[in-house]
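User: Please take a close look at a single part of this model and set out in one connected account how its residues are placed. Begin from one residue and work outward to the surroundings.

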Amino acid sequence: MNFKDLGINECIVNVLSKNGISRPTPIQEESISIIKNGSDVIAEAQTGTGKTLAFLLPLFENISTNDNNIQGLILTPTRELAIQITEEAMKLKEAKDINILAAYGGKDISAQLNKLKRNIHLVIATPGRLIDHIMRGTINLKSLKTVVFDEADEMLFMGFKNDIETIMKYIPKKSQVLCFSATMDSSVKKLA
């Protein structure tokens, strides 16, 4: 199976190819089509198995550049992971010019505020910084199509449960929910 078989457009496949990625990993094979079709997903896969592209590729496919609202949100427990995911998303941006905002602590908030004046399609954030933006009224999630909880287990262990519950109040009920995690216990399933 290849990425085209999974419904990934040729421009994105070419960017993957340029970055030395020619075949999907098992987690990508199993989840990409399901995510593209709008289903909720809970996926357990070890670190280094390609989880990031498993959710980024269908997100890129499903985001419309004609809709100038935030359509995708990726929540991650650490700024390091937010930076890593943003780097991967920026590579894919070469194929589809969607506007991406990385919002995490330790990064100048005024630069984030300036970027938010432009039309953002995808936000990659840590929970605390996202709540900060929501409370300031600088991020509006009313048009959100998909929310991804990356390392969902870590978020619960690191005490983000209350933050996640706060954020969920601002996410439309009909949004697609994707939980990716290296381990999957009952608390992650409950979050999902």
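Analyst: Ser31 has its place in helix H2, and the model in which it is described here is a predicted one. With a relative accessibility of 3%, Ser31 counts as buried, because the limit for that class is under 20% relative accessible area. If neighbours within four places in sequence are left aside, the contacts of Ser31 are with Ala54 and Phe180. Phe180 is also one of the residues that touch the most other members of the largest nonpolar core.

The surroundings of Ser31 within the helix come next. The buried residues of H2 are Ile27, Gln28, Ser31, Ile32 and Ile35. Around the helix axis these residues cover an arc of only 115°, so they lie on the same side of H2. Pro26 and Glu30, in contrast, are exposed on the other side of H2. The buried residues of the helix pack against E1, H3 and E6. Just after H2, Gly38 adopts a positive phi of about 95°.

From the helix the account passes to the core. The largest nonpolar core has 36 residues, and those that touch the most other members are Leu56, Leu57, Phe60, Ile74, Leu92, Leu122 and Phe180. Helix H2 (26-36) is among the elements that give two or more residues to this core; the others are helix H1 (10-18), strand E1 (41-44), helix H3 (51-62), helix H4 (79-93), strand E3 (100-103), strand E4 (122-125) and strand E6 (176-181). The greatest contribution comes from H3, which gives 7 residues. Thus E1, H3 and E6, against which the buried residues of H2 pack, are themselves contributors to the core.

Leu56 offers a detailed view of this core. When residues up to four places away in sequence are not counted, Leu56 touches Ile74, Ile85, Glu88, Ala89, Leu92 and Leu122. Another core lies apart from the largest one; it has 24 residues, including Ile131, Ile164, Ile171 and Cys179.

Leu122 leads on to the strands. The bridge partner of Ile100 in E4 is Leu122, and E3 and E4 pair in the parallel sense over 4 bridges. Along E3, Ile100 and Ala102 point one way while Leu101 and Ala103 point the other way, and all of these residues are buried.

The cysteines can be treated briefly. Cys179, a member of the 24-residue core, is buried at a relative accessible area of 0%. Cys11 counts as partly exposed, with a relative accessibility of 45%. The number of disulfides in the structure is 0.

Charged pairs complete the account. There are 7 salt bridges in the structure. One of them joins Glu10 to Lys4, with the closest N and O atoms 3.9 Å apart; this pair qualifies because the cut-off is 4 Å. Glu10 is partly exposed at 49% relative accessible area, and Lys4 is likewise partly exposed at 46% relative accessibility.

In another salt bridge, the side chains of Arg136 and Asp132 meet at 3.0 Å, N to O. These two residues are 4 residues apart in helix H6 (residues 127-136), so about one helical turn separates them. Arg136 counts as partly exposed at 45% relative accessibility, as does Asp132, whose relative accessible area is 28%.

Lys161 and Glu165 form a salt bridge in which the closest N and O atoms are 2.7 Å apart. Because they are 4 residues apart in helix H8 (residues 161-168), about one helical turn lies between them. Lys161 is partly exposed at 43% relative accessibility, and Glu165 is partly exposed with a relative accessible area of 42%.

A last backbone feature concerns Glu151, whose phi is near 55°, a positive value in a residue other than glycine. Glu151 lies in the loop between strand E5 (146-150) and helix H7 (152-157), and it counts as buried at 12% relative accessibility.

Notes
Residues are numbered from 1 along each chain as its sequence is written. This is a predicted model: local features need pLDDT of at least 70, side-chain atom pairs count only at pLDDT 80 or more; totals for chains, interfaces and linings use all residues. Side-chain values use heavy atoms; hydrogens and water are left out. A nonpolar core is a set of buried Ala, Val, Leu, Ile, Met, Phe, Trp, Tyr and Cys residues joined through side-chain atoms within 4.5 Å. Buried means under 20% relative accessible area, exposed over 50%, partly exposed in between (1.4 Å probe, protein chains only). Contact means heavy atoms within 4.5 Å. A disulfide is a pair of cysteine sulfur atoms within 2.5 Å. Two strands pair if DSSP finds at least two bridges between them. The arc is that of the directions from the helix axis to the C-beta atoms.
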